[in-house]
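Student: Please take a close look at one part of this structure, and then set that part within the wider assembly. I would like the reasoning spelled out rather than summarised.

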Amino acid sequence: MAVHVSWAATGLSAPQRIMALEEITLMLEPRPRFGLGAVLGKRPHRGDRIYRGVLTAAAISVLIIIVGLLLELVFGSRQSISTFGLRFFSDSKWDPNGQHFGALPFILGTLYSSFWALVIALPISLLTAIFLAEIAPTSRTMRWVERPVSFMVELLAAIPSVVYGLWGVLVLQPWLVKYVEGPIAKGPLSALPIFGDTANGYDMLAASLILAIMILPYITAVSRDLLRAIPRTVREGSYALGATRWETIKGVVLPYARAGIIGAVMLGFGRALGETMAVTMVIGNAPIFKTSLFSSGYTLASVIANELAEASGLYRSALIEIGLCLFLITLIVNGGAKLLIFYTAKDLNATGGKV
Amino acid sequence: MTIAESSFRSTGRSRFRRSLSAFMAGLSIAAAIIACVALLSVLVYIVINGIGSISLSTFTEGPVPQGQPGGGLRNGIVGTLILMSIGSVIGLPIGILGGVYQLETNTTFSRTLRFFTDVLNSIPSIVMGLFAYLIVVLPVAAFSPGHAFSAFAGGVALGFLMIPTVMRTTEEILRLVPTTLRDASLALGASRWRTTWSVVLPAARGGIVTGVLLALARIAGETAPLLFTAFGNLDFNVRLDHPIDALPLNIFNYATSPYENLHHLALAGAIILLAIILILSLAARYALRGQTME
Amino acid sequence: MISKLLSRVAIVAASVFILTGHSLGLRAQTLTGSGSTFINPAMTKWVDEYKKATGISVNYQSVGSGAGINNLIDGTTDFGGSDAPMNADEKGRAKGPVIHLPAVIGAVCIAYNVEGVQSGLALTGEDISDIFQGKIKYWDDPRLTKNNGGLRLPHEAIFTVHRSDGSGTTAIVTDYLSKVSPEWKSKVGAGKTVTWPEGGLGGKGNSGVAEVLKQHVNSIGYVELAYAVENKITYSRIASSSGGFIYPSVGSANQAAKASNIPEDMCTMITNASTGYPITGMTWLIVYKTSHQPAELKKFLKWVLTKGQHYTQDLYYASIPENMVTREMKLIDAIQ
């Protein structure tokens, strides 16, 4: 599968998007290696020994940082691990006074808010990507729209979390309370389990919406680039067989880019999981988990941000374990994304996915 | 393709297929509009209100006592620039050299390293802040009480966050340098480091600058890693061993406060931060343009 | 151990920075403090005025009393600000003996945002306890209207706002509620962080709670008086143990402080005093008896207790009474 994303095209995009693209292309494309690896070890030139030393030192420091981080997190959380063991992950009581710590509300809160963010962002961003890659370029009236929309999507991926948080506090929350949560809470829909509780804007809904807006440009941009990279011939073949545009998109284009898109979505999900500031500012910071979107909650990242400064002893240890937990969850999601891409790509190749 | 579609005969089945196609096209247009409205509402609100909140004093004044009107973001702006510099000093050498290492070697270790770079890239920034707190702030507190929160500690966290972006872009861009160039240099008897230094790096200069600028754009707005490292400062500070203010910290603290003037300062700060990021991104694009023309 | 190695590297790098900072002749910032948001309006004013008067800069970050105490214990700051004294556990973890110096006395008001209702809603301690426990669910609950004869309250759900961070302000309120409501005492208790019965909403700092109260109707929470007044948030009168409902004010806080017995180590909560506003508290500046820069610390603390006190009344705090200042000065002199 020859998804190649040109470097120049990513000029103004957010770094995260570039990283994602690279991660995807790296997985999809076995790239030619310069046969220099072996050379480094052989026939050292004068000065090359230092050169090699410096390069290796840089490489090893990356390793040291990661290993150090992991060790530091494990070391810091050993008190909590030995006190609570596995119960830490299934216990929903977070009581600093009673020195009793369970991370379940934060784990569920993190997954739940990110899940809803994905539910909201995925259809919109996929359809937007389809619009940008498939519909706008072929339409005479809408061709001009593509560039500004693309530009804006890319620009928005670069906006820092805290700025989204600022907007969330000053604009989104009052708006939600007035036009969404208030009316729903007063109406018959409030009987639904996802719409119970006080409609005050500091809740899962606000957090999920902000997360959705934050990952929307990310998923859109990556998917659009993947769709664009698909050779014209693929589409033309489909049209030649009499398929409509939608049938071509659904039956040919999307399956072709499936691996990359799943990867983009999972990487977006991973980003939502670790997001701190914007979520902390709107989620209400209550260490309980309820399924209602109108309930305040808490996430792994925001409990660290809020409570680390005042924690000591077992309390601090529990927060470090939460950091460890967050680290592992994002690792699993990102790793899973790559495995998925890897195997789907392999499948595609095996079943003649190359056109 | 309109030609392809118009060739259908108007049977019921094909009419259905065509209207489904049109419907889905409409749906995707609607999605694009929703996305644009959502995203524009963020940008337009911040830009309009932010620009209205900026004045000269935003750049020349520090914070005022709580509850008093006025105040500026001087400390935060300077602090952010200082933090970005420290981050660069820590992150760039490791990132660029690590990228060159990746280019030069293809061993089990270098593949492991690639995996570790991915891991480093997926670490949430709050965890990096936690790490800097554990390895810098707490040990320094035991060693020199009262000087533990520092610009240095914040810079460490930011520097570590820069590494994967810089490393990846460096490697990617170096790979674009034709192998023949390197081979020619090596064939002429140049040493490996000489080849990298005099041939490969100059040829890839623009791309590396792009990577650096994008990494800077990434860390400019980072807030979470600074909460318990840089800490914030009421006073103007350029000393690296003292707590330092940062724009994102200002935005966070001011946005969650009830004071009107602080809300305005937060919006002004957001605009300044966006301007910094926009300039870095545009410069990154410009650097890359020079690259492709060479 | 890699993490030890990293720490060593960090320490070496930090000392290099300290040395270069000194050699470049950059003036050191003498003091760093953190903690109470209750005292922040006064503290930021002091920092400003102290700099004008002496040229010395002090950094104070209002991160909450819990974090302030913790930072002092870790040695990451020179002084902590807290509206609750250190407890035995915290004193045990501290690196040495500490002294508590009351710097301001202030009122915590029960503030609310209900359309059409002005300041002065009369509340008893039991009412507040039941509201925060979720037993009084609506604003037009008969128990609320009873004490406010004739006042029309809307039939809207009450939503409660509390502090999400470890807070001395929370300690003051919960200490008061534990004194007036046995049920609160047994079910919730007092402290800088408590497990809030009905969940409610967490705001970070007095600032965060005030922001929520300001933004959202039908909310109720607790903030230091300056935060309510400066942000035009309405607040209630509280039933006093001597009868009648009392407004929070500089005067009524002062009365409460005067009616309280302040022990030798200055550590006592002055809530539910025999007269004055019942939810009154102090903010202590907490320092180690042995400081690594005693001269600067003493100078600042003494300035706070003398000249600094002139600014507090305008910021809705009661000044520290004369006799307390004299006693505190002796404690400050003992810092080495």
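Tutor: A residue is called buried when its relative accessible area is under 20%, exposed when that area is over 50%, and partly exposed in between. The model is a predicted one, and every value below is computed from it.

Let us start from Ala151(B), which is part of helix H7 of chain B, a run of residues 151–176. Its relative accessible area is 0%, which is under 20%, and therefore Ala151(B) counts as buried. If the neighbours within four places in sequence are set aside, the contacts of Ala151(B) are Leu83(B), Ile86(B), Arg239(B), Leu240(B), His242(B) and Ile244(B). Tyr133(B), by comparison, stands 18 residues from Ala151(B) in sequence, with 12 Å between the two C-alpha atoms.

From this residue we can turn to the chain as a whole and to its partner. Chain B touches chain A through 101 residues, which meet 90 residues of chain A, and about 9000 Å² is buried between the two chains, with carbon and sulfur atoms giving 79% of that area. Charged pairing across this interface comes to one salt bridge, in which Arg17(B) and Glu247(A) bring their closest N and O atoms to 2.7 Å. The side of chain B that touches chain A receives its greatest contribution from helix H2 of chain B (residues 12–53), which gives 22 residues. By residue class, that side of chain B holds 66 nonpolar, 22 polar and 13 charged residues.

Chain A also meets chain C, where 29 residues of chain A are in contact with 27 residues of chain C. Here the buried area is about 2300 Å², and carbon and sulfur atoms account for 53% of it. The count of salt bridges between chain A and chain C is one, namely that of Arg316(A) with Asp74(C), at 2.4 Å from N to O. Nine residue pairs, both members at pLDDT 80 or more, are in polar contact across this interface. Helix H3 (48–84), helix H7 (161–186) and helix H12 (300–307) of chain A each bring at least two residues to the side that touches chain C, and H3(A) has the largest share, with six residues. This side of chain A is made up of 14 nonpolar, nine polar and six charged residues.

Within chain A itself, a salt bridge joins Glu134(A) and Arg235(A) at 2.7 Å from N to O. The pair connects distant parts of the chain, since Glu134(A) belongs to helix H5 (residues 104–135) and Arg235(A) to helix H9 (residues 232–240), 101 residues apart. Glu134(A), at 5% relative accessibility, is buried, and Arg235(A), at 6%, is buried as well.

Chain C offers a further salt bridge for comparison, between Lys192(C) and Glu90(C), whose closest N and O atoms are 2.8 Å apart. Because Lys192(C) sits in the loop between helix H8 (182–187) and strand E7 (201–203), while Glu90(C) sits in helix H4 (residues 88–93), this pair ties together parts of chain C that are 102 residues apart in sequence. Lys192(C) and Glu90(C) are both buried. A local arrangement is seen in Glu49(C) and Lys52(C), whose side chains form a salt bridge at 3.8 Å, N to O; the two are three residues apart in helix H2 of chain C (residues 40–54), which means that about one helical turn separates them. Glu49(C) is buried at 13%, whereas Lys52(C), at 60%, is exposed. Both belong to a network of salt bridges that also includes Lys45(C) and Asp48(C).

The search over all chains also returns 31 aromatic pairs. One of them is the stacked pair of Phe101(A) and Tyr315(A), with 5.2 Å between ring centres and 10° between planes. Since Phe101(A) lies in strand E2 (residues 100–101) and Tyr315(A) in helix H13 (residues 313–350) of chain A, the pair ties together parts 214 residues apart in sequence. Phe101(A) and Tyr315(A) are both buried, and they share one aromatic cluster with Phe84(A), Phe88(A), Phe89(A), Trp94(A), Phe106(A) and Tyr298(A).

Terms used: Residues are numbered from 1 along each chain as its sequence is written. Chains are lettered from A and ligands numbered from 1 in the order in which they are written. This is a predicted model: local features need pLDDT of at least 70, side-chain atom pairs count only at pLDDT 80 or more; totals for chains, interfaces and linings use all residues. Side-chain values use heavy atoms; hydrogens and water are left out. Contact means heavy atoms within 4.5 Å. Buried area is the accessible area (1.4 Å probe) that two parts lose on being put together, summed over both. A salt bridge is a side-chain nitrogen of Lys or Arg within 4 Å of a carboxyl oxygen of Asp or Glu. Helices (H or I, at least four residues) and strands (E, at least two) are DSSP runs, numbered from the N terminus. Ala, Val, Leu, Ile, Met, Phe, Trp, Tyr, Cys and Pro count as nonpolar, Asp, Glu, Lys and Arg as charged, and the others, Gly among them, as polar. Rings of Phe, Tyr and Trp (its six-membered ring) pair if their centres lie within 6.5 Å; planes under 30 degrees apart count as stacked, over 60 as edge-to-face and the rest as tilted. Buried means under 20% relative accessible area, exposed over 50%, partly exposed in between (1.4 Å probe, protein chains only). A polar contact is a pair of N or O atoms within 3.5 Å; within protein, one must be able to donate a hydrogen and the other to accept it, and residues adjacent in sequence count only if both atoms are side-chain atoms.
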